[in-house]
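Here is a short report on one protein chain. It goes from ring contacts to backbone geometry, then to a helix and a few single residues.

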Amino acid sequence: MRRIGIMGGTFDPIHYGHLVAAEGARYEFGLNRVIFIPAGRPPHKPDCNITDPSHRYKMTCLAVATNPFFQVSALEVERPGPSYTIDTVQEISRLYPDAEVFFITGSDAVMEILTWKNFERLLSICFFIAAARPGYKLNELWKRLVLLPENLKERIFCMEVPALAISSTDIRQRVSEGRPIKYLLPEPVEDYIQKNGLYRQ
């Protein structure tokens, strides 16, 4: 059976941590491809705090261009209203009916999964790969998910990703302060940020 990975996130901006996590998941879980899906309007973040979806989509396309196993979807960017993961996973499952779906995201996000829309349905139709920074204490994750039924906990896997020490928040802060961001994200993304004046105060 084919395995499709979904790399979800705001990608504001996308950086090497995201790319390393996606490639690591592709290798460790035998994924045939990884689809990056920039969030359109994340329900947990106010619109004033995120960059326009078209910029985030274009930066993601630039970042993954050299990896033949990666592709980008504008599914959430083009969908009106808030971007709920359940809607995205159901659409990908419809497009790839013969595939197992793995949703890749940060361990911090997985810790909040009990607050996600239709989380039980979501975990029943896809697996989750929680990308964690080195030294992350897995028992903290399971403490937060203590109310999750055991059969659904079994559908969550954890994967250590050294490059997750890089953060989009830090990159935005660096740009606003005029500090370098080279080697934190792909060069075409760095060029795009500069040419479009993103993240400046």
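## A tilted ring pair

F128 is buried, at 0% relative accessibility. The model is a predicted one. A search of the whole structure turns up 9 aromatic pairs. F128 forms one of them with F103. The ring centres are 5.2 Å apart and the planes meet at 40°, so the pair counts as tilted.

The pair links distant parts of the chain. F103 belongs to strand β4 (residues 99-106), F128 to strand β5 (residues 127-132), and 25 residues separate them. Is F103 buried or exposed? F103 is buried, with a relative accessible area of 5%.

## A ring cluster and two charges over rings

Ring pairs also join F29, F102, F127 and F157 into a cluster.

Two rings carry a charged end above them. R26 places its charged end over the ring of F69, 4.0 Å from the ring centre. K117 does so over the ring of Y84, at 4.6 Å from the centre.

## Backbone geometry

Which peptide bond is cis? The bond from D12 to P13 is, with omega near 0°. P13 sits in the loop between β1 (2-9) and α1 (16-28).

Y183 has a positive phi of about 75°, although Y183 is not a glycine. Its loop runs between α9 (168-177) and α10 (187-195). Y183 counts as exposed because its relative accessibility is 68%, and the cut-off is over 50%. Y199 also has a positive phi, about 70°, and is not a glycine. Y199 is found in the segment after α10. Is Y199 buried or exposed? At 13% relative accessibility, Y199 counts as buried.

## Helix α2 and its buried side

α2 has 12 residues. From first C-alpha to last, α2 reaches 17 Å, close to the 16 Å expected at 1.5 Å a residue. Which residues of α2 are buried? They are P53, H55, R56, M59, T60, A63 and V64. These buried residues cover an arc of only 160° around the axis, so they lie on the same side of α2. An α-helix has 3.6 residues a turn, so residues three or four places apart point the same way.

What covers the buried residues of α2? The cover includes α1, β2 (33-38), β3, α3 (75-78) and α10.

## Loops on either side of α2

T51 is in the loop between β2 and α2. T51 is buried, with a relative accessible area of 14%. Its side chain makes a polar contact of 2.6 Å with the side chain of D12. D12 is also the residue that precedes P13 at the cis bond. Leaving aside neighbours within four places in sequence, T51 is in contact with D12, R56, L198 and Y199. R56 is among the buried residues of α2, and Y199 has the positive phi of about 70°.

N67 lies in the loop between α2 (53-64) and β3 (70-72). N67 is buried, with a relative accessible area of 17%. Which side chain does the side chain of N67 contact? The partner is E23, in a polar contact of 3.2 Å.

## Two strand residues

M7 lies in strand β1. M7 is buried, with a relative accessible area of 4%. Not counting residues up to four places away in sequence, M7 touches H18, A21, A22, V34, I35, F36, I37 and I104. M7 and C158 are 151 residues apart in sequence and 14 Å apart in space, C-alpha to C-alpha.

E160 is in strand β6 (residues 156-160). E160 is exposed, with a relative accessible area of 53%. Which residues does E160 touch, not counting those up to four places away in sequence? They are A132, R133, P134 and G135. E160 and A21 are 139 residues apart in sequence, yet 8.4 Å apart in space, C-alpha to C-alpha. A21 is also one of the residues that M7 touches.

Terms used
Residues numbered from 1 in each chain as written. Predicted model: local features only at pLDDT ≥ 70, side-chain atom pairs only at ≥ 80, totals over all residues. Heavy atoms only, no water. Phe/Tyr/Trp six-rings, centres within 6.5 Å; stacked < 30°, edge-to-face > 60°. Helix = DSSP H or I, 4+ residues; strand = E, 2+ residues; numbered from the N terminus. Buried < 20%, exposed > 50% of the residue type's maximum accessible area, 1.4 Å probe, protein only. Lys NZ or Arg CZ within 6 Å of the ring centre and 35° of its normal. Polar contact = N/O pair within 3.5 Å; in protein donor to acceptor, adjacent residues only side chain to side chain. Expected span 1.5 Å × (residues − 1). Arc of directions from axis to C-beta. Contact = heavy atoms within 4.5 Å.
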